[in-house]
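Thanks for coming, everyone. Let me put the structure up, and then we'll go straight in.

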Amino acid sequence: SAENLVDWHNASNSTIQNSFMEDTGLIGAFDRPCIAGFAAHAHIVNNELRNCSDGVVSVDGGTSTGLVIENNDIYLTSAWYTTGGTKACAENGIDLKSTTDSLNPIRVIHNRSWGHRPSDGTCTDGSFGEEIIFHETAGVNHHVSYGLIQNNILFDGSICIATPNQEAGGPDHWSIIGNICYDVG
């Protein structure tokens, strides 16, 4: 679409691999991810995603059963910072909102994500600048259960891994193993 570099709604058994994507543009109070949508049994592997409002978003309202996000570099440069580098015209490295199931969890493995800051509301939607975030919100189809976040390197950001929006009880059945988080906060 015009807003995302890759708009991946209702895809299945697909791969985005060995690609470089950058600069989705700055538009006040709107998200412009590098890769957005929901996809069953899809792989996002070995890509470089630079200066996007979100690197990868699995959006609500769909299923991302068996989604694998592996070995990507997802980052912001200082060109996307505001207020002396304390805020950014971006949200998150990886933002997970679509549903999955126990037999085919979402796997976020071996990625590197850095440079995210709390959002500057004048140039993007709002976030605290998490490198990886997974959601659950009452009244919205954000029930992101069954997932693995393993062996990622997350640094130079506000928050490494977060699970906010717990009005409906919060995500469940997640394993967070062997990640390295540093220079955060």
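Start with Glu-22. Its bridge partner in E6 is Arg-50. Keep in mind that this is a predicted model. Strand E6 covers residues 48-50, and 3 bridges join E3 to it. The two strands run parallel.

Now the sheet around that pair. How many strands form it, and in what order? There are 6, and the order is E3-E6-E9-E14-E19-E22. The sheet is open, and the pairing is parallel. Which strands stand at the edges? Strand E3, residues 20-22, and strand E22, residues 180-184. Each has a single partner strand, so one side of each is left without a neighbour in the sheet. From one strand to the next, the twist averages 5°.

Next, step off the end of E6. Asn-51 lies in the loop between E6 and strand E7, which is residues 54-58. Look at the backbone there. Asn-51 is not a glycine, yet its phi is positive, near 55°. Here is the background. Most residues other than glycine have a negative phi. Is Asn-51 buried or exposed? Buried: the relative accessible area is 7%, and the cut-off for buried is under 20%.

There is another asparagine to show you. Asn-13 also has a positive phi, about 50°, although it is not a glycine. Where is Asn-13 found? In the loop between strand E1, residues 6-12, and strand E2, residues 15-17. Asn-13 is exposed, at 62% relative accessible area. The cut-off for exposed is over 50%. So put the two side by side: Asn-13 is exposed, whereas Asn-51 is buried.

Last stop, Thr-82. This residue sits in strand E10, residues 81-82. Relative accessibility is 18%, so Thr-82 counts as buried. What does Thr-82 touch, leaving out residues up to four places away in sequence? Lys-87, Ala-88, Cys-89, Asp-120 and Cys-123. Take Asp-120 from that list. The side chain of Thr-82 makes a polar contact with the side chain of Asp-120, at 2.8 Å. Then look at Ser-119. Along the chain, Thr-82 and Ser-119 are 37 residues apart. In space, their C-alpha atoms are separated by 9.2 Å.

To recap the places to click on. Glu-22 with Arg-50, for the bridge between E3 and E6. Asn-51 and Asn-13, for the positive phi values. And Thr-82 with Asp-120, for the polar contact between side chains. That's it from me.

Note on methods: Residues are numbered from 1 along each chain as its sequence is written. This is a predicted model: local features need pLDDT of at least 70, side-chain atom pairs count only at pLDDT 80 or more; totals for chains, interfaces and linings use all residues. Side-chain values use heavy atoms; hydrogens and water are left out. Helices (H or I, at least four residues) and strands (E, at least two) are DSSP runs, numbered from the N terminus. Buried means under 20% relative accessible area, exposed over 50%, partly exposed in between (1.4 Å probe, protein chains only). Contact means heavy atoms within 4.5 Å. A polar contact is a pair of N or O atoms within 3.5 Å; within protein, one must be able to donate a hydrogen and the other to accept it, and residues adjacent in sequence count only if both atoms are side-chain atoms. Two strands pair if DSSP finds at least two bridges between them. Axes are lines fitted to C-alpha atoms, for helices over the stretch in contact, and angles run from 0 to 180 degrees between N-to-C directions.
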